[in-house]
Amino acid sequence: MSCASAGSCAAGGDYTDGDHHGQGFVAVEKNGRWGTAIGVPGLGALNKGFVDVVSVSCGSAGDCAAGGDYTDRRSQQQGFVAVEKNGRWGTAIEVPGLGALNGGGDAGVGSVSCASAGSCAAVGDYTDGGQYGQGFVAAERNGRWGTAIEMPGLGALNSGWNAEVDSVSCASAGNCVAAGTYGEPYGLGFVAVEKNGVWGKAADVPGLAALDGRLAGANAVSCASPGNCAAAGFYSNSSGGVTQGFVAVERHGRWGKAIEVPGLGALNRGGGVYVSEVSCRPAGGCAAGGSYTDRHHHLQGFVVSQSG
């Protein structure tokens with residue numbers, strides 16, 4: 001779900017129809033009142049199996065984008081985007097160029113972010129011809145989606161394993177940050193920055209390697225303004241059995257070192273943490289949330305906030 005302003009939001013998801021086929025829907029709140037959920041226009045024509053509407057983002061009231069994945073007629077998974085303009089949802093389309101990248105037949109949009117009406121970014125993953133997972137990014141400019149490209153620099157980091165781009169946040173048109181994971185099953189988290197419409201190379205989250213003993217990933221990012229963002233995710237100890245959460249902050253275009261989420265280690269007696277979301281506002285400060293395992297091995301939820 002995403003809200004452009006108070007009383008103006010959009011939500012998306014999936015359902016199973018009477019023929020037991022997966023379908024995608026969107027629903028819009030206008031002036032504080034939710035309208036009737038509808039199937040994503042055109043998605044039924046693309047979809048021959050199952051659909052996931054994974055992410056929705058609104059640049060302004062009545063101007064949003066949704067993204068996810070569907071099963072095509074060849075039983076392959078593809079990524080799609082759909083755009084709402086002036087309160088009306090347009091037809092869903094396959095992410096331009098993603099089919100050419102997706103030689104292994106397994107692709108999807110993991111996150112979309114809209115800085116303003118007609119200016120959005122979509123990220124996700126695909127399987128190349130060698131059956132390795134790779135990450136991509138696609139940009140919408142002036143209401144038109146450009147061709148998906150492999151995330152710059154990610155292939156050099158990945159060294160033939162699997163990679164995915166899990167989250168993207170755009171503070172203004174052409175100024176976004178993406179985060180994800182590469183090198184699975186022995187992975188590390190990365191961030192990539194778009195500045196004035198040009199994506200820089202993906203780079204390791206600073207300091208995460210010092211925390212990470214075996215497995216790590218950056219699965220959430222949020223930007224309050226260009227150059228001022230936060231990323232969050234997880235890492236494990238050297239045996240891979242205990243997972244902790246981390247946060248890292250970008251200030252004035254420079255990323256600081258990742259740190260363990262303060263206080264989470266004391267709560268996490270069961271050894272399992274997942275930091276699922278982070279959100280930052282221009283007024284200052286961020287908040288993150290997720291889950292941990294208590295000493296009775298029960299899942300619990302947590303929140304943490306940053307100020308100053």
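These legends go with a set of close-up views of a predicted model.

**Figure 1. The whole protein, before zooming in.** Five helices and 28 strands make up the secondary structure of the protein. Its radius of gyration is 19 Å, close to the 19 Å that the globule rule gives for 308 residues, so the protein is as compact as a globular protein of that length. Along the principal axes, the C-alpha atoms fit a box of roughly 50 × 45 × 45 Å. Of the 308 residues, 47% count as buried. The accessible surface adds up to about 14100 Å², with 49% of that belonging to carbon and sulfur atoms. If you look at contacts between residues at least 6 apart in sequence, 46% of them join residues at least 24 apart.

**Figure 2. The largest nonpolar core.** This core holds 33 residues, and M151, L154, V168, W199, V205 and L208 are the ones with the most contacts inside it. Several strands chip in two or more residues each: β12 (119-127), β16 (162-172), β17 (175-184), β18 (188-195), β21 (216-225), β22 (228-236) and β23 (243-251). The top contributor is β17, with five residues. As a bit of background, nonpolar side chains in soluble globular proteins tend to be buried together.

**Figure 3. Close-up on V205 and its neighbours.** V205 is one of the residues with the most contacts inside the largest nonpolar core. Setting aside residues up to four places away in sequence, V205 touches G189, F190, V191, A218, F246, A248 and A258.

**Figure 4. L98 at the start of a short helix.** Helix α2 covers residues 98-101, and L98 is part of it. With a relative accessible area of 0%, L98 is buried. Skip its neighbours within four places in sequence, and the contacts of L98 are G79, A107, Y126, F136 and A148. For a sense of scale, L98 and L154 sit 56 residues apart in sequence and 16 Å apart in space, going C-alpha to C-alpha.

**Figure 5. Strand β18 and its short partners.** Six of the eight residues of β18 are buried, so this strand is largely enclosed by the rest of the structure. Strand β19 (residues 198-199) pairs with β18 in the antiparallel sense over two bridges, and K195 has V198 as its bridge partner in β19. These two strands form a hairpin with two residues between them, where N196 takes a positive phi near 50 degrees. β18 also runs antiparallel to strand β20 (residues 203-204), again through two bridges. Here V191 is matched with A203 in β20.

**Figure 6. The salt bridge between R141 and E194.** Two salt bridges turn up in the structure, and this view shows the one where the side chains of R141 and E194 meet at 3.2 Å, N to O. R141 lies in strand β13 (residues 133-141) and E194 in strand β18, so the pair ties together parts that are 53 residues apart in sequence. The two ends sit in different surroundings: R141 is partly exposed at 39% relative accessibility, while E194 is buried at 4%.

**Figure 7. The salt bridge between D72 and R74.** D72 pairs with R74, and their closest N and O atoms are 3.4 Å apart. D72 is buried, at 10% relative accessibility, whereas R74 is exposed, at 55%. In general, side chains of opposite charge can pair when their charged atoms come close.

**Figure 8. The hairpin of β27 and β28.** Strands β27 (residues 286-293) and β28 (residues 299-306) run antiparallel, joined by eight bridges. One pairing to look for is G290 with F302, its bridge partner in β28. Five residues lie between the two strands of this hairpin, and in the turn H297 has a positive phi of about 65 degrees.

**Figure 9. Two loop residues with positive phi.** Most residues other than glycine have a negative phi. N86 goes the other way, with phi near 50 degrees. N86 is found in the loop between β8 (77-85) and β9 (88-89), and it is exposed at 65% relative accessibility. Q131 also has a positive phi, near 65 degrees. Its loop is the one between β12 and β13, and Q131 counts as exposed at 52% relative accessibility.

Notes: Residues numbered from 1 in each chain as written. Predicted model: local features only at pLDDT ≥ 70, side-chain atom pairs only at ≥ 80, totals over all residues. Heavy atoms only, no water. Core = buried A, V, L, I, M, F, W, Y, C linked by side-chain atoms within 4.5 Å. Buried < 20%, exposed > 50% of the residue type's maximum accessible area, 1.4 Å probe, protein only. Helix = DSSP H or I, 4+ residues; strand = E, 2+ residues; numbered from the N terminus. Contact = heavy atoms within 4.5 Å. Salt bridge = Lys/Arg side-chain N within 4 Å of Asp/Glu carboxyl O. Rg over C-alpha atoms; globule rule 2.2 N^0.38 Å. Areas by Shrake-Rupley, 256 points an atom, 1.4 Å probe, with all protein chains shown as cover. Pairing = 2+ DSSP bridges.
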